[in-house]
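This report is a short guide for a reader who is new to the model. It goes through the chain by topic, with the sequence and structure shown here.

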Amino acid sequence: METLLGNLQKAIDGEAAAMLPCTRPERRERQVQRILEAAKACFVRAGFQGASMHDICTEAGMSPGALYRYFASKEAIIAAICEADRREDATLFKAVTAKADVIEGMMLGAMTHIRHMHESRAAPLFAEICAEAARNNAVESTCRCHVEQVQAMFRAYLGEAMDRGEIDPAVELDVVVPTLLAIINGMALNDLPARGVPLEKLETLVRATLIGILRPTGQPGEG
């Protein structure tokens with residue numbers, strides 16, 4: 001009985017919290033997220049070219065005038081999606097660099113990315129964004145900026161590992177980094193777990209790839 005009453009009180013408290021007035025920035029953030037989720041659904045369903053701003057308005061349940069107060073175009077929406085992804089990448093990168101062993105750090109980054117794309121079913125969305133980048137200069141510029149930021153983070157991380165003598169790649173990092181990221185992102189975009197490839201098998205292959213390309217020396221890491 002006490003458990004039932006406790007759960008009921010939690011539910012009441014949760015509903016009360018949801019009804020509390022929120023600040024203007026909080027309201028704006030909620031509206032932005034509402035639009036982004038609607039746009040993602042439209043892009044996956046109809047493609048970037050096939051989805052109109054009117055479709056996004058309908059999906060979000062708001063008027064065109066309301067939507068245009070937040071985003072002037074579909075390109076602006078994609079820029080916001082990529083910015084959110086960049087923030088997630090930055091958070092993940094902090095966890096990657098906290099690993100004492102560079103191979104384990106790279107494994108964490110790779111497998112987290114692959115799992116996230118699979119579990120969130122985001123692969124079709126990002127595949128559509130990549131396709132649009134090939135024909136839309138604004139989208140290409142947004143994607144290129146995002147990729148360059150990610151590559152710079154991993155270039156610095158692996159460069160520090162090289163300076164400590166932990167890895168000895170066969171070629172320069174300016175080649176290693178985009179190659180590794182292309183391999184890992186390819187696994188994620190193809191959503192191999194959805195095609196029946198077990199995650200533990202992918203983990204084995206990712207580890208073998210990292211070891212083969214980065215060639216760890218066996219020197220202990222720091223941290």
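## After helix α9

Which residue with a positive phi follows α9? That residue is D191, and its phi is near 45°. The model is a predicted one. D191 is not a glycine, although its phi is positive, and it is found in the loop between α9 and α10. Its relative accessible area is 15%, so D191 is buried.

R121 also has a positive phi, of about 55°, and R121 is not a glycine. The loop that holds R121 is the one between α6 and α7. R121 has a relative accessible area of 70% and is therefore exposed.

## The chain as a whole

The protein chain has ten helices and zero strands. Read from the N terminus on, its elements run α-α-α-α-α-α-α-α-α-α. The chain has 223 residues, of which 34% are buried.

Counting contacts in the chain with a separation of 6 or more, 71% are between residues 24 or more positions apart.

## The nonpolar core

In soluble globular proteins, nonpolar side chains tend to be buried together. Here the largest nonpolar core has 59 residues. The members that touch the most other members are F43, I56, I77, M106, F154, L158 and L214.

I77 can serve as an example. With its neighbours within four places in sequence left aside, I77 is in contact with I35, L36, A39, F43, M53, I56 and F71. Two of these contacts, F43 and I56, are also named among the core members that touch the most others.

## Helix α9

Helix α9 covers residues 173-189, which makes 17 residues. From its first C-alpha to its last it reaches 23 Å, close to the 24 Å expected at 1.5 Å a residue.

Where do the buried residues of α9 lie around its axis? The buried residues are L173, V176, V177, L180, L181, I184, M187 and A188. They cover an arc of only 125° around the axis, so they are on the same side of α9. An α-helix has 3.6 residues a turn, so residues three or four places apart point the same way. On the other side of α9, D174 and A182 are exposed. The buried residues of α9 pack against four helices: α6 (102-119), α7 (123-133), α8 (137-163) and α10 (199-214).

## Helix α5

Helix α5 runs over residues 74-97 and has 24 residues. At 1.5 Å a residue it should span 34 Å, and its end C-alpha atoms are 34 Å apart, which agrees.

The buried residues of α5 are K74, I77, I78, A80, I81, C82, D85, D89, F93 and V96. Charged residue types are on this list too, including K74, D85 and D89. The buried residues of α5 are covered by elements that include α2 (24-50), α3 (53-60), α6, α7 and α8.

## Aromatic pairs

How many aromatic pairs does a search of the whole structure find? The search finds three. One of them is F93 with F154, an edge-to-face pair at 5.2 Å centre to centre, with 75° between the planes. F93 lies in helix α5 and F154 in helix α8, so this pair ties together parts that are 61 residues apart in sequence. F93 counts as buried at 15% relative accessibility, and F154 is buried as well, with a relative accessible area of 12%.

F93 also forms an edge-to-face pair with Y157, at 6.0 Å centre to centre and 80° between the planes. This pair links helix α5, which holds F93, to helix α8, which holds Y157, across 64 residues. Both F93 and Y157 are buried. Ring pairs thus join F93, F154 and Y157 into a cluster.

## Cysteines

A disulfide is a covalent bond between the sulfur atoms of two cysteines. The count of disulfides here comes to zero. For C42, the nearest cysteine sulfur is that of C57, 9.3 Å away, and C42 is in no disulfide. C42 is buried, with a relative accessible area of 1%.

Why is C145 without a bond to C82? The sulfur of C145 is 9.4 Å from that of C82, its closest cysteine sulfur, which is too far for a bond. C145 counts as partly exposed, because its relative accessibility is 39%.

How values were computed:
Residues numbered from 1 in each chain as written. Heavy atoms only, no water. Core = buried A, V, L, I, M, F, W, Y, C linked by side-chain atoms within 4.5 Å. Buried < 20%, exposed > 50% of the residue type's maximum accessible area, 1.4 Å probe, protein only. Contact = heavy atoms within 4.5 Å. Helix = DSSP H or I, 4+ residues; strand = E, 2+ residues; numbered from the N terminus. Expected span 1.5 Å × (residues − 1). Arc of directions from axis to C-beta. Disulfide = S-S within 2.5 Å. Phe/Tyr/Trp six-rings, centres within 6.5 Å; stacked < 30°, edge-to-face > 60°.
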